[in-house]
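Visitor: I would like to learn how to read the features of a model such as this one. Could we go through it one feature at a time?

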Amino acid sequence: MLAVKDPDIILLRWTDQEYTLFRAIEHARYGDIVASGFASVDDFVVMANRVLNRRKSRAGKSLEHHLSAIFDENKIHYAAQAVTEGNKKPDFLFPSEEAYRDMTFGIEKLCTLAAKTTCQDRWRQILNEADRLRDENKYLCTMQQGISAAQMDEMQAEKVILVVPKAYHSAYPKEKRDRIWTLGRFVNYVREIEGIVSY
């Protein structure tokens, strides 16, 4: 029931707990290798890239899994990695891939959410993930703590709404914060368009 009441706090708590566990596993797996040193700079770079790539991959999948759990707890209907036009795959499509493909289903009851741990250089990737919603708002959930006012203006021009845990809003330009949604607001919005009765 906690996920229903405050998704922003729950998302941060789950993310922190998982990262602590991941760091412990990472240390157990690579700690001895790092401590024993490397024969060359090339060996070090190979190992560093392997570790960094694993971290990036884990962080992205972690965010998607946590969001799925929050949506499930809130009884929200969605499809993860649904296929739209041209084999594109938005991270989350609400309420379903079937509804998206049904041209009689109103676009006002459809939406997508992209999940990206950082969005500074990657947010444009979401602009064409769902052709039916090209002229509608696009939602982007990120764990990034702040971007520039200019980037936020670019996002607004492309109808991208940032969804950011409430605790991170203070890292964004003060004059632009009213554009940012909390995860709780997004959850309530989807529940409303899906006609889910409030608790």
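Visitor: How many of the residues of β3 are buried?

Guide: This is a predicted model, and in it β3 is mostly covered, with six of its six residues buried. In a regular strand the side chains alternate between the two faces of the sheet. Here Cys-111, Leu-113 and Ala-115 point one way from β3, while Thr-112, Ala-114 and Lys-116 point the other way, and all are buried.

Visitor: Which residues lie on each side of β4?

Guide: Lys-138, Leu-140 and Thr-142 lie on one side of β4, with Tyr-139 and Cys-141 on the other, and since all of these are buried, both faces are covered. The count for the strand is five buried residues of five.

Visitor: In what order do the strands form the sheet?

Guide: The sheet is open and made of five strands, in the order β1-β2-β3-β4-β5, with mixed pairing. Its edge strands are β1 (79-80) and β5, each of which pairs on one side only.

Visitor: Which pairs run parallel or antiparallel, and where can I find the bridges?

Guide: Starting at one edge, β1 and β2 run antiparallel and are joined by two bridges, and Ala-79 has Leu-93 as its bridge partner in β2. The pairing of β2 with β3 is also in the antiparallel sense, over three bridges, and there Phe-94 has Cys-111 in β3 as its partner. Between β3 and β4 the sense is parallel, over four bridges, with Lys-116 partnered by Thr-142 in β4. The pairing of β4 with β5 is parallel over four bridges, and Cys-141 has its bridge partner, Val-163, in β5. From β4 the chain passes through α5 to reach β5, and this β-α-β crossover is right-handed.

Visitor: Which strands does α6 lie across?

Guide: The helix α6 lies across β2, β3, β4 and β5, and it runs at about 155° to β3.

Visitor: Which residues have the most contacts inside the largest nonpolar core?

Guide: In soluble globular proteins, nonpolar side chains tend to be buried together. The largest such core here has 39 residues, and those with the most contacts inside it are Leu-67, Phe-71, Phe-94, Leu-113, Leu-140, Leu-162 and Phe-186. Among the elements that each supply at least two residues of this core are the helices α2 (7-36), α3 (41-73) and α5 (149-157), together with the strands β2 (92-94), β3 (111-116) and β4 (138-142). The helix α6 gives the most to this core, with five residues.

Visitor: Which residues does Leu-67 touch, leaving aside those up to four places away in sequence?

Guide: With those set aside, Leu-67 touches Leu-11, Phe-92, Leu-113, Ala-115, Cys-141 and Leu-183. Apart from the largest core lies another, of eight residues, among them Ala-99, Leu-110, Ala-130 and Leu-133.

Visitor: How many disulfides does a search of the whole structure find, and why is Cys-111 not bonded to Cys-141?

Guide: A disulfide is a covalent bond between the sulfur atoms of two cysteines. A search of the whole structure finds zero disulfides. For Cys-111 the closest cysteine sulfur is that of Cys-141, and because the two sulfurs are 12 Å apart, they are too far for a bond. For Cys-119 the closest cysteine sulfur is again in Cys-141, at 9.9 Å, which is too far for a bond.

Visitor: Are these two cysteines, Cys-111 and Cys-119, buried or exposed?

Guide: Cys-111 is buried, with a relative accessible area of 2%, and Cys-119 is buried as well, with a relative accessible area of 0%.

Methods
Residues numbered from 1 in each chain as written. Predicted model: local features only at pLDDT ≥ 70, side-chain atom pairs only at ≥ 80, totals over all residues. Heavy atoms only, no water. Core = buried A, V, L, I, M, F, W, Y, C linked by side-chain atoms within 4.5 Å. Buried < 20%, exposed > 50% of the residue type's maximum accessible area, 1.4 Å probe, protein only. Contact = heavy atoms within 4.5 Å. Pairing = 2+ DSSP bridges. Axes fitted to C-alpha atoms, helices over the stretch in contact; angles between N-to-C directions. Disulfide = S-S within 2.5 Å. Right-handed = clockwise from strand over helix to strand, strands pointing away.
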